Each structure stands twice: as structure tokens, then as C-alpha cells.
Amino acid sequence: MTCYADMPESVARHLARLPLPEIEGGAFALGPPLAERRVAVVSSAGLGRRGDRLFGPGAVDYRVLPADADAGDIVMSHISVNYDRTGFQQDLNIVYPLERLQEMAAAGEIGGVADHHYSFMGASDPAPMQPFAEDVAAAMRAEGVDTALLVPV
Amino acid sequence: MCALAHYLEREGIATVAIALVHEHAEAIANPRTLSVPFELGRPLGAPDNPDFQRRVLRAALALLDRPAGPVLEEFPDPAPEPADYEGWACPVSLPRPEAAPDGNHERLVADEIARLRPWWDLAKERRGRTTVGASGYEIEEAARLVGRYADGAGPDDTEPGRKLSRSLKLACDDLMAFYTEAATAQPGAAASRDLSDWFWGETAGGRALLALRERAAGDGDKGMQLLGSLLILPRSQAHRAGA
């Protein structure tokens, strides 16, 4: 685990001051065994396709990432500068592990990979994201996706 | 990020979240979370290391078999460093920016881009992709916009309908991406801290962004103030402000 104590002091101080959302939890969706699950990625890295609308301060909506999008068409417009981007520059899978999931599906470890994936920008207030998250859930259900892998940045 | 898990679960989608900030993961209490000991920006741990990335994914996805939650598990291993890691050096030996006179940011950044360009081209060819270009500018245009503003010139031409502060932010992000993509063109891993220290401490590009940041922070426009105060210089490099 990465705790505040493991981070540069200035970064930890900032993170510790961030107001965290108060969300009513309790929902716990069940599903089939892992080998039968169809998985979509939900990133909060501010990813989008080249030419998509870019994320800006306060953005609470999302961009759709088709599974067949070329890796070179995926760009990042997250507004924060307080995380490493050089890993993403070298290997898209470090924030958007689509190839790894596709390999796991081919090996039968998971049931399949969604045709569409999604990215929000994590720096924004999450409360106004709720209707957008509901739209994402509806889109997932419509294509038979039962499981989301949430990947931060 | 974590809030999204709750919203999706209410809609019947099972979720598993990777978490980079353990304290946040504890507070939000998602249905299933794998807390990982990696630096911010690297949720799968290590670039170009498919085996390690698969281990992280397997550990995360295994939580889906739990019958009830919230579940918060810790991934045990830190991101691996290459066995032969002996530090990193930029493939191009750029002149030390301290020796350069002020007011020449545009020219100096253009010179650096020309010298880094062969390595950026190589990096793009080897990876089959680049992350540069979200701004919509060619890198030379992005550098010109940044350099001119850093030099104190008036508002330059920007994308129609886009505020100067927005164009500058995107141009700065592209400039940083260009430098670090070029600098990592040669095989062998570079620690993110090395790359950040190099860009901010040893390049005219970094100096131009520091000058831009200072000018923007003193601008009357709120978008420019936000740019200058928060959206250019990482907190981990804050000691360079005003240097």
C-alpha cells in the first residue's frame, strides 16, 4: 500500500487535505465466477481519443474508449500535474491495462473484455458524476458487461 | 475515483478498484479494493512489465469472488526496478540552462526541441505511439506559444474559441511529454523522479515553464492565475519556484 508516509511531503499534505465524498455505501453486486465475467475498464486518468473533447477543470463527465481504438489515439488531458506521466508515456497498459485483460480473456481467466471502456477525470467532485456513472452502467449492461475494473491515476 | 464504484454497484455492476492512496481507500470503503504500493500515476506498477501488471490484475480481479464486502486488500510487492538499473542519462547532452540569458525562452526551447527530435521520433517508432499532441498543436507550435508567453510577449494566436490559459496548459503538458518521451527513447528504465528532476532542473523547457508559471500567477485573469498556481509545476518540484 502507498500511505502518506511513503509520498513526498508536499504531495501527502495535499492529499490529506482533500475533502473526501460522503457516499452511502452498502451496494454489493454479485456476479458469476471470474472466468465467466465480462470486464470493462473505468479509468479516472482523464483519457480520451485524440480529437475527443479534452477534460478541463471541474469536468465530471466521461469519454468512451472503444476496445478497438488504436493505442496511439489514446491521450491524457487530466489537469493535475501531481502524478507521474512518464509510465503512461512508455506503456499505455500502466493506466489502461486493456492488453493485459485481453490476454487474460484469451487464456480463459476472465470471460471476456468489453467492447467499450470509459474514462473520467478523478480530480473533480464525484457527486455530480453520479448520473454519468449511471449512464456508464446502463451502457455496460446493454453490452452484457457485469464487471468494472476501476483504475486510478 | 472511488465514488464511482458505489454508483456502479447500485446499478448492478460489480466493481473492483485499484487504490493508490491507502488512506483514501480506507475512508471511501469501496465494495472491493486492492491497495497498491506504487507511485501516483502508475496503478499497474511498472511500465513495459506485462508479467508484473498481470500479477496486479489477478490480485485485483480475485477479489470479485468474495461473497460480501467491503473488502480492502493490500498488494504485497513494490514495483520492481530493473536488475541492471544504474541511473538514467538523457541521450542528448543539452547545455545547462542556467548559462542562458533570460528573455530567450522561445529560441532556447526551439533549439532543445530540434536536438531532442531524433530521439522523440525514435521513441514514437519503437512504441508505435506518442502521447504528445492532445493540445492539437505540432510540438514546435506548442513550444512557440509557451516560449513567447514566458518571454513576456503578448497573447499569441491560440485555437479558436479556446482561452489562452487553456491553450497554454495543454501546450505545457505536450511540451513535458515530448521531452520525457525523447529522454526515454533508449531501452532501459528511467525513474520518474530522475526524469522530473532533469526536465525541471536541467532543460530550457523546464526554465520556460517556470517563467510562464510565474507570469501567469501574476495575471489578472482567474484562469491564468489557476494555471500559474496549480497546473504547471508539480508539488514535488515546488522548491524550484522563484529559483
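**Helix packing in chain B**

Chain B contains nine helices and three strands, and in this predicted model these elements follow one another along the sequence in the pattern α-β-α-β-α-β-α-α-α-α-α-α. The C-alpha trace of chain B spans about 65 × 45 × 30 Å along its principal axes, and 49% of the 243 residues in the chain count as buried. Among the contacts in chain B with a separation of 6 or more, 65% are made by residues that stand 24 or more positions apart.

One of the helix pairs in the chain is formed by α6(B), which covers residues 164-183, and α7(B), which covers residues 192-202. Their axes come within 11 Å and cross at roughly 125 degrees; an angle of this kind is neither over 145 degrees nor within 65 to 115 degrees, and the two helices are therefore oblique to each other. The crossing in which α6(B) passes α7(B) is right-handed. On the side of α6(B), the contact involves B:M176, B:Y179, B:T180 and B:A183, which meet B:L195, B:W198 and B:F199 of α7(B). Of the residues in this contact, six are nonpolar and one is polar, while none is charged.

Helix α6(B) also takes part in the surroundings of α9(B), a helix that comprises residues 222-230. Within α9(B), the residues B:M224, B:L227 and B:G228 are buried. When the helix is seen down its axis, these buried residues fall within an arc of 90 degrees, so they line one face of α9(B). The elements that cover them include α6(B) and also α8(B), the helix of residues 204-217.

Definitions and conventions: Residues numbered from 1 in each chain as written. Chains lettered and ligands numbered in written order. Predicted model: local features only at pLDDT ≥ 70, side-chain atom pairs only at ≥ 80, totals over all residues. Buried ≥ 20, exposed ≤ 12 C-beta atoms within 10 Å, placed from the backbone. Helix = DSSP H or I, 4+ residues; strand = E, 2+ residues; numbered from the N terminus. Arc of directions from axis to C-beta. Contact = placed C-beta atoms within 7 Å. Axes fitted to C-alpha atoms, helices over the stretch in contact; angles between N-to-C directions. Parallel < 35°, antiparallel > 145°, perpendicular 65-115°, else oblique. Left-handed = near helix turned anticlockwise from the far one by under 90°. Nonpolar A, V, L, I, M, F, W, Y, C, P; charged D, E, K, R; others polar.
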